[in-house]
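Student: I would like to learn how to read the features of a model like this one. Can we take them one at a time?

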Amino acid sequence: MTELHYFPARQLARMIHARELSATGVMRAFIAQIERVNPKVNAVVTFRPEQALKEAKALDRRKGPKPPLAGLPIAYKDLVATKGIRTTLGSLVYTDNFPEEDALLVERLKAAGAVTLGKTNTPEFGAGSNTFNKVFGATRNPYDLSKTAGGSSGGAAAAVACGMLPFADGSDLAASLRNPGNYCNVVGFRPSPGRVPSWPAANAWDTQPVLGPIARTVADAAFLLSAMAGPDARAPVSISEPGSLFARPLMRSFKKVRVAWTRDFGGLPVEPEVTAVLEPQRKVLESLGCVVEEACPDFKGATEAFETLRAVSFSLRYAPLLKTHRSMLKDTVVWNIEQGLALDGTKIGRAEGLRTELFQRMRAFLEKYEFLLAPVNQLPPFPVDTEYPTAIAGVKLGNYLDWMKSCYYVTITSHPAISVPAGFTPAGLPVGLQIVGRYRDDFGVLQLAHAFEAETQVWKRRPALAA
């Protein structure tokens, strides 16, 4: 019981329901781990232990059946509105922002019994896959404190990796669930657009950004997703299937399942350390019964489509801040907003057309192969004080988004994708495998990731500082 904070979330939930553990005892274990480890990694940026303990004690006094996540702590990404709890969006503009209502995600997880323990760090407005901001500073990689934890859900991934949380929520536009999952040796799952409804939202019809789970195991990611997912009338693109679909067992045979394997998405630069870790994993897939073939969809037009539609989103949400708080915004955010403001209808229309073509090509490709297997990131975790990589494998990059192509190529197709731990570089830095599934086959992606995880057991390697 001395490592209660590293128990699987599903196991903790079962034990709390059976009254083998108290919600109070579980909460104290996670609070103690945060107090011990968080000063080293700076993952949890708003911390409310007294209130969380009070809620846990109330759950212990409650008679009768408990909701599925009863007593499990959650710390929401600092982009998610939490009523009465500081929500900064990683921006100096919102340093003293205390929302008057909860986001839908918070409503839903509270109803499922999760107890709010705090907020996790994120880059300014979630822009960029390196978690740092002028409000709280940088989140550090638990496996090497000199390196980035990734982003934009870097605080969430680092907290889960360190046993400070059993699981966490995150969001993903370019790479923000998969990248930090990869860099922190945890699972980061980008579900299909609409799987987890988002409200409030500046554009309720935007299907590029999604909400999803981060956990140490695929089973725990599915467990959290079962409480996150399901339709809501306030989110018009939400999928009608209930979240309970993800509470089912993940076991499945993969005998003779055809999967595609790509080292580089058809020509992206990839650092040799990443390839060296991933190539041996082909044999793991084959041992599961998969038929592994080298193949890759055509991602022509992905960069133009993604950058254009991302810029539209940034201008819609943040353009007013250019007039009122420009000096408080980081350069890359200003660039992305101005990029959006400079667009015209022709360029936006072309981007939507390219996105449609990319979806159809990926759909057709995955009729032949059930899954696409690929790198999550094209390079291992880089120094935390480097804002973003400017070159990969000797190839110069053009802007702060370019190094995330191995993730946003998938984003623009609207297909579900997961990062699952796959190994470590000789320097001890995590490398994940990205598994992309058929349109809305979120459960199938979780099943293959679960099978891969069971064979490799890489997820069991914990950060030394958190032991």
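Tutor: Start with the lining of the second largest pocket, which consists of N203, W205, D206, T207, Q208, L309, V312, S313, L316, I348, E352 and R355. A pocket here is an open set of points on a 1 Å grid over the protein atoms alone, where a 1.4 Å probe fits, with protein on both sides within 12 Å along at least five of seven lines; lining residues have an atom within 4 Å of a point. The model is predicted: local features need pLDDT of at least 70, side-chain atom pairs count only at pLDDT 80 or more, and totals for chains, interfaces and linings use all residues. Residues are numbered from 1 along each chain as its sequence is written, and side-chain values use heavy atoms, with hydrogens and water left out.

Student: What is the volume of the second largest pocket, and which helix gives the most to its lining?

Tutor: A volume is the space filled by probe spheres set on the grid points, which are joined across faces, edges and corners. For the second largest pocket this comes to about 180 Å³. Helix α10 gives the most to the lining, with four residues; α10 and α12 each supply at least two. Helices (H or I, at least four residues) and strands (E, at least two) are DSSP runs, numbered from the N terminus.

Student: How do the residues of this lining divide by class?

Tutor: Ala, Val, Leu, Ile, Met, Phe, Trp, Tyr, Cys and Pro count as nonpolar, Asp, Glu, Lys and Arg as charged, and the others, Gly among them, as polar. The lining of the second largest pocket has five nonpolar, four polar and three charged residues.

Student: What about the largest pocket: which residues are closest to its centre?

Tutor: The largest pocket has a volume of about 1,200 Å³. It is lined by 49 residues, and the closest to its centre are L79, S198, P200, A201 and R317. The largest share of this lining, seven residues, comes from α10, while α4, β8, β10 (210-215) and α10 (302-325) each supply at least two. By class the lining has 29 nonpolar, twelve polar and eight charged residues.

Student: P200 lines the largest pocket. What is the peptide bond before P200 like, cis or trans?

Tutor: Most residues other than glycine have a negative phi, and most peptide bonds are trans. The bond from W199 to P200 is cis, with omega near 0°, and P200 sits in the loop between β9 (187-190) and β10. Another cis peptide bond joins G151 and S152, with omega about 10°; S152 is in the loop between β7 (144-148) and α5 (154-161). As for phi, N185 has a positive value of about 60° although it is not a glycine. N185 lies in the loop between α6 (178-183) and β9.

Student: How should I read the order of strands in the sheet of eight strands?

Tutor: Strands of a sheet pair through backbone hydrogen bonds, either parallel or antiparallel. Two strands count as paired if DSSP finds at least two bridges between them. The open sheet of eight strands has the order β8-β10-β9-β16-β17-β13-β11-β12, with mixed pairing. β8 (167-172) and β12 (291-294) stand at the edges with a single partner strand each, so one side of each has no neighbour in the sheet. Neighbouring strands are turned by 25° against each other on average, direction ignored. Within this sheet, five bridges join β13 (residues 371-375) to β17 (residues 430-437), which run antiparallel; L372 stands opposite V436 in β17.

Student: Which strands does helix α12 lie across?

Tutor: Axes are lines fitted to C-alpha atoms, for helices over the stretch in contact, and angles run from 0 to 180 degrees between N-to-C directions. Contact means heavy atoms within 4.5 Å. Helix α12 (residues 345-368) lies across β11 (258-261), β13 and β17, at about 110° to β13.

Student: How do helices α4 and α7 cross?

Tutor: Angles under 35 degrees count as roughly parallel, over 145 as roughly antiparallel, 65 to 115 as roughly perpendicular and the rest as oblique. The axes of α4 (residues 104-111) and α7 (residues 218-228) come within 8 Å and cross at roughly 110°, so these two helices are roughly perpendicular to each other. L105, R108 and L109 in α4 meet L224, A227 and M228 in α7. The residues of this contact are five nonpolar, no polar and one charged.
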